[in-house]
Amino acid sequence: IPPRIALRILHDVLSALAYAHDRVDTYGQPMRIVHRDVNPRNIMISVRGEVKLIDFGVAKADTRHDETTGHAIKGKFAYMAPEQIESELPVDSRADLFAVGLLLQELLTGTHPFRHLHEVQIIHRLMADRIDPMPDAPAPLNPAAVREVRDRVLSSDPADRHPDARALQADLRRLAAPMGGLASRAELAEFFRRADPKAAARIAQRLNHWK
C-alpha cells in the first residue's frame, strides 16, 4: 500500500475512533466508548474513497447495561493492548490507539510484531512488554520518525501513549507532510479501483442498477 494511502486510511480510522471516544449521551455525560476490536477486517474502504470502521459488537461504554459479568477478553489477540488482557487494569480509548499503532507498522511495512505467533505466545509478549523493533518504513517516509510514533503508541503503559486519537492523527499528518500530505479521498478511490478492478466494476454495476 503506498505510504500516503496507508496514512490516509489510518487517519480516517482515527476520525471514527475520535467520534466514538468523545460521544456523550442525551444528558451530556461522556459515554467513553472503546471499540476494543480495531483490526484490518473491521476497516472498510468504499468505491468513493470513504474509510469506515465497522463492528462495534464488543465495544465497551459506560452507559451499556449488558456488560459482561466478570472479566472476559474481548477482541483479537494480535491487536490487543496489554490492559485488555490484564483484568486489574482499566481499559479506555488508549487501547484502541495501541491497535492503530500495530496497524501503522502493518500497513507501512507489511509486517506485524506478532506474525506467526499463537495466542499464548502473543499474551506472553504483551505482558512482558516484548514487541519486536519495527523494520524501516519505505521511502519517502522517514523511518526514524515512523518508528518514534509507532513505539510511543505501543507503550505498555497507556499514560505513555498519545492522549487521544486526535494527537495520533497530528503525528500521522507530520509523517505525511514531506510526501505532500495525506492522500485525498479521490486518490483513495482510485487506489481501490486499481487494487481490485473486478470488485470495483461489480459495485459500480450494482449502484447503477439501484439508481
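Of the protein's 211 residues, 44% count as buried (under 20% relative accessible area, with exposed being over 50% and partly exposed in between, using a 1.4 Å probe and protein chains only). Keep in mind that this is a predicted model, where local features need pLDDT of at least 70, side-chain atom pairs count only at pLDDT 80 or more, and totals for chains, interfaces and linings use all residues. Residues are numbered from 1 along each chain as its sequence is written, and side-chain values use heavy atoms, with hydrogens and water left out.

**Overall build**

- You're looking at seven helices and two strands; these are DSSP runs numbered from the N terminus, with helices being H or I of at least four residues and strands being E of at least two.
- Walk along the sequence and the pattern reads α-β-β-α-α-α-α-α-α.
- The radius of gyration is 18 Å, which agrees with the value near 17 Å for a compact globule of 211 residues; it is taken over C-alpha atoms, and the globule rule is 2.2 Å times the number of residues to the power 0.38.
- Along its principal axes, the C-alpha trace spans about 50 × 45 × 35 Å.
- Take the contacts with a separation of 6 or more: 63% of them come from residues 24 or more positions apart, where contact means heavy atoms within 4.5 Å.

**Surface and charge**

- About 11400 Å² of the protein is exposed, and carbon and sulfur atoms supply 52% of that area (Shrake-Rupley method with a 1.4 Å probe; for residues, only the protein chains shown count as cover).
- On the charge side, there are 30 positive and 28 negative side chains, and the centres of the two sets sit 8 Å apart.
- For that tally, Lys and Arg count as positive and Asp and Glu as negative, while His and the chain ends are not counted; each charge is placed at NZ of Lys, CZ of Arg, CG of Asp or CD of Glu.

**Backbone oddities in the loops**

- Arg-32 isn't a glycine, yet its phi is positive, at about 55 degrees. You'll find Arg-32 in the loop between helix 1 (3-21) and strand 1 (43-45), and it counts as partly exposed because its relative accessibility is 48%.
- His-116 is another residue other than glycine with a positive phi, near 70 degrees. His-116 sits in the loop between helix 2 (94-109) and helix 3, and its 77% relative accessibility is why it counts as exposed.
- The peptide bond from Ala-139 to Pro-140 is cis, with omega near 5 degrees. Pro-140 belongs to the loop between helix 3 (119-127) and helix 4 (143-153).
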